Amino acid sequence: MKLKGQHLLSVKDLSLDLINELFTVAESMRPYAERQKVTRVLEGAVLGNMFFEPSTRTRVSFGCAFNLLGGEVRETTGLSNSALAKGESLYDTAQVLSGYSDIIAMRHPQPGSVAEFAQGSRVPVINGGDGANEHPTQALLDLFTIHNELASQGKNVQQLSLTLLGDLKHGRTVHSLCQLLGLYRGLKIQLISPEALTMPTKYVDILTNAGHEVEIGTSLEQGLPQANVIYQTRIQEERFSSQEEANRYRGYFRLNKKIYSEHCQPNAVIMHPLPRDSRNDANELDNDLNAEPGLAIFRQTDNGILVRMALFACILGVENQLHQYERSV
Ligand code: CP
């Protein structure tokens with residue numbers, strides 16, 4: 001596959017054919033992810049899992065995905081625990097760590113930092129999120145989830161009517177997702193955010209240039225009735241210049257059972273990249289939705305394992321060798 005030996009720094013690197021191939025590989029990972037089968041196809045390989053910004057799902061699912069393929073994981077978490085805190089450059093860090101690993105996954109708070117790191121790396125690098133810029137593996141698992149959720153309702157992606165809600169200015173997951181949706185034609189996309197947190201123009205342009213019907217709004221109710229998939233996001237308070245400014249928007253759009261039943265289509269799919277802010281003054285996605293069949297947030301996180309296993313297998317060129325390295329369960 002074209003991904004072999006490549007970095008994954010941006011969704012711009014991906015074509016629709018490549019994504020469809022990757023999703024086929026991701027589906028083939030299901031028996032291994034669900035522990036019905038065991039493969040050791042990456043035995044002896046090492047993942048450098050470098051997370052210089054907080055993470056639960058991305059960091060742990062990268063590690064689990066690599067382990068499920070038989071590989072070992074070495075981790076660094078937090079800038080203050082690394083030599084970057086002593087002034088080492090990303091280039092030098094990359095040269096060193098790529099001597100210890102076969103592939104590196106990295107998250108860093110600065111936009112463009114993972115691409116800078118990749119320039120010094122002798123092994124493939126996967127962007128696990130660089131500031132407010134991009135989160136390509138999240139966008140891939142989100143798109144994979146949209147495919148699967150619509151398929152479970154007898155629909156396909158061409159029938160997608162998607163509402164992106166919340167902090168669309170700072171949310172890197174929605175920035176990457178918009179770029180992937182730019183590979184399709186003629187979808188319905190609603191972009192609903194507070195006035196000051198609208199989707200940057202460059203991503204709106206990608207959607208309109210793809211011929212999507214794009215509606216931009218500022219009220220929650222405006223974006224809900226026409227959507228068969230609702231993608232809620234957290235106010236990214238760590239990206240604001242002050243806590244006071246962030247506090248102005250926390251809890252701005254709260255989706256709960258009452259609003260869902262009154263304004264949304266029956267069984268509309270609800271997604272969220274997580275974490276959801278569960279503090280009382282914020283909770284953008286209420287716990288009273290937890291029993292709704294349309295709530296896909298934990299199917300989304302499970303899909304993260306499949307997609308990340310597929311990425312490791314394809315980048316390391318072993319996607320056709322899983323069976324050869326099977327062990328008894
Ligand atoms: N969705 C996501 O990136 O979650 P984490 O910050 O927990 O990795």
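1. I'd start with the core. The largest nonpolar core in this predicted model has 88 residues, and the ones with the most contacts inside it are Leu69, Val229, Ile230, Met309, Ala310 and Phe312. Helix α12 supplies the largest share of this core, ten residues. Both domains are in on it: at least three core residues come from domain 1 (11-134 + 303-327), and at least three from domain 2 (136-301). As background, nonpolar side chains tend to be buried together in soluble globular proteins.

2. Val229 is a good place to zoom in, being among the core residues with the most contacts. Leaving out residues up to four places away in sequence, Val229 touches Ile146, Glu149, Leu160, Leu162, Val269 and Met271. Do look at Glu149 in that list.

3. Now the ligand. Which residues surround it? The shell is made up of Ser55, Thr56, Arg57, Thr58, Arg59, Gly129, His135, Gln138, Pro273, Leu274 and Pro275. Helix α3 (residues 57-68) gives the most to this shell, with three residues. Sorted by class, the shell has six polar, three nonpolar and two charged residues.

4. Where does the ligand shell sit relative to the domains? Domain 1 and domain 2 both contribute residues to the shell, so it lies between them.

5. The spot I'd check by eye is the Leu274-Pro275 pair. The peptide bond joining leucine 274 to proline 275 is cis, with omega near 5°. Leucine 274 also has a positive phi, about 65°, without being a glycine. For context, most peptide bonds are trans, and most residues other than glycine have a negative phi. Leucine 274 is in the loop between β10 and α12, as is proline 275, with β10 spanning 269-271 and α12 spanning 297-315. Both residues also belong to the shell around the ligand.

6. Is leucine 274 buried or exposed? Neither, quite: leucine 274 has 19 C-beta neighbours inside 10 Å, so it counts as partly exposed. The cut-off for buried is 20 or more.

7. One more backbone point, at arginine 35. Its phi is near 65°, again a positive value in a residue other than glycine. Arginine 35 is found in the loop that runs between α2 (30-33) and β1 (38-39). With 9 C-beta neighbours inside 10 Å, arginine 35 counts as exposed, because the limit for that class is 12 or fewer. Leucine 274, by contrast, counts as partly exposed.

Terms used. Residues numbered from 1 in each chain as written. Predicted model: local features only at pLDDT ≥ 70, side-chain atom pairs only at ≥ 80, totals over all residues. Helix = DSSP H or I, 4+ residues; strand = E, 2+ residues; numbered from the N terminus. Near = placed C-beta within 6 Å. Nonpolar A, V, L, I, M, F, W, Y, C, P; charged D, E, K, R; others polar. Domains from an automatic or database assignment. Core = buried A, V, L, I, M, F, W, Y, C linked by C-beta atoms within 7 Å. Contact = placed C-beta atoms within 7 Å.
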